[in-house]
Amino acid sequence: MDSDNNERSRSCHVVAVPFPGRGHVNPMMNFCELLVSRRDDILITFVVTEEWLGFIGSDNNPPRIRFGTIPNVIPSERVRADDIPGFIEAVLTKMEGPFERLLDGFELPVTTIVADTFLFWPVRIGNRRNIPVVSFWTMAASVFSMFHHFDLLLQNGHHPIDISERGDERVDYIPGLSPTRIADFPALLHHKNPILPRTREVLSWVPKAQYLVLASVYELEAQVIDTLKSIFSFPIYPIGPLIPYFKLGDRSSVATAADDLHYFQWLDSQPCCSVLYISFGSVASVSSAQMDEIAAGLRDSCVRFFWVARGATSRLREVCGETGLVVPWCNQLEVLSHSSIGGFWTHCGWNSTVEGLFSGLHFLTFPVGLDQVSNSKAIVEDWKTGWRVKRNQPAGAETLVTREETVGIVKRFMDSESIEVKEMKRRARKLQEICRQATGRGGSSESNINAFISDITQLPSH
């Protein structure tokens, strides 16, 4: 009873609704944990489907974050890849009604809705109910700008486009963005795609929100963020990296199973900076033929590695041999921060990219789709902290990276005596310092989080 009374007395009830996908749910939860850690008068209701609540688990949620569920009105996460356009259409059309009914059932007035940018209906609901809405962008600010300035691609004849013919052409007319190859824009922007009209519609709702939160670090994308601030009339808060850096070092929260303890023991036994960490994300589609070539190349390279390979661990263990470890899952940031890790082969999802930056690592980039090619470009060309695995292939090429190519690039990448590698590592350490300063006392992200909290806690209840 006392807890109910305490909840009623809280001045700020935030309803958070992520897009149903691992790369969206995780940063939203990290953001919510940061909010409640700053103020004890903030209560958050984190809204997911019943299936997603099963994935997340409600046992270990932080104080003042509770879950609200809506029925499984969208295709299961386990089959979403079979029909991505159908999945997105369901998310955009089937969740609004159950979400609104959930709002109706809250005893505590809702003061703010934080909604993933790829969900437009919370903005519509918030505006109708006079509840301020925060648009929450989980990717790089540069990718937001690419989508926002899509009309410039049309005007300059860069959409639709065949990147196998014109992919190396540079776009130099998007405000705040460094010259970028067409091939390094999200694939959605290359050609006509059934998802593109819906994506443009979703982004057209952003100006109807009251705030925009970016899961980026201001100093990493200052020109782009300054440009966005000049375009939009509402406050924009870059508050990244939205990764669980505030839990680092607490192995008790991540190493509960015997397998977790095993991989930490293995890492503890490896020399400093000697292990290549490999992960292609939670939904990336890398063919089994390509995975086998990589596995054979790793085996032949004799380079130590730690490979997170969901769903294919047994087969890859057989191919890889004894030089490294293949696991189905790990606490990525905790592993990346381990002293034995000396490099990161990544699909370049934004969350993985910023975790690598925060850990001071240099990258082998292996983008598969979505925003990953754009993040790869930032790593290789803007920050100069990585190499493309497919750097010798023409734009748009879909050829396999062979085991021989894997051997060559992995051995060069992990050669700590190489002048080029030493320079990449030096730049990586500098970016690590930038990320850590941003989240530290008086840093840009810390200041923006505090300013954001100040804004939303002064709003009247509805």
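**A tour of the predicted model**

Begin by selecting Lys384, which is partly exposed, with a relative accessible area of 43%. In this predicted model, Lys384 sits in the loop between α17 (372-382) and β15 (386-388), and its phi is positive, about 55 degrees, although the residue is not a glycine.

Go next to Cys302, in the loop between α13 (288-301) and β11 (304-308), where another residue other than glycine has a positive phi, near 65 degrees. Cys302 is exposed, with a relative accessible area of 62%.

Two prolines follow. Select Pro160, in the loop between α8 (150-155) and α9 (163-166), and display the peptide bond that reaches Pro160 from His159, which is cis with omega near -10 degrees. Then move to Pro241, in the loop between β9 (236-238) and α12 (258-268); the bond joining Gly240 and Pro241 is also cis, with omega about 0 degrees.

Now turn to the interior and select Phe46, Trp137 and Phe306, the residues that touch the most other members of the largest nonpolar core, which has 125 residues. Helix α2 (residues 22-38) gives the largest share of this core, eight residues. A second, separate core of 28 residues can be found through members including Phe280, Val303, Val401 and Met424. Around Trp137, contacts beyond four places in sequence include Phe118, Phe144, Phe147 and Leu214.

Finish at the one cavity of 30 Å³ or more, whose lining includes Pro18, Phe19, Trp52 and Met95. Strand β2 (residues 42-49) supplies the largest share of that lining, three residues, and the lining as a whole divides into eight nonpolar residues, one polar and no charged.

Key: Residues are numbered from 1 along each chain as its sequence is written. This is a predicted model: local features need pLDDT of at least 70, side-chain atom pairs count only at pLDDT 80 or more; totals for chains, interfaces and linings use all residues. Side-chain values use heavy atoms; hydrogens and water are left out. On a 1 Å grid over the protein atoms alone, a cavity is a set of points where a 1.4 Å probe fits but cannot get out, and a pocket is an open set with protein on both sides within 12 Å along at least five of seven lines; lining residues have an atom within 4 Å of a point. Grid points are joined across faces, edges and corners, and a volume is the space filled by probe spheres set on the points. Helices (H or I, at least four residues) and strands (E, at least two) are DSSP runs, numbered from the N terminus. Ala, Val, Leu, Ile, Met, Phe, Trp, Tyr, Cys and Pro count as nonpolar, Asp, Glu, Lys and Arg as charged, and the others, Gly among them, as polar. A nonpolar core is a set of buried Ala, Val, Leu, Ile, Met, Phe, Trp, Tyr and Cys residues joined through side-chain atoms within 4.5 Å. Buried means under 20% relative accessible area, exposed over 50%, partly exposed in between (1.4 Å probe, protein chains only). Contact means heavy atoms within 4.5 Å.
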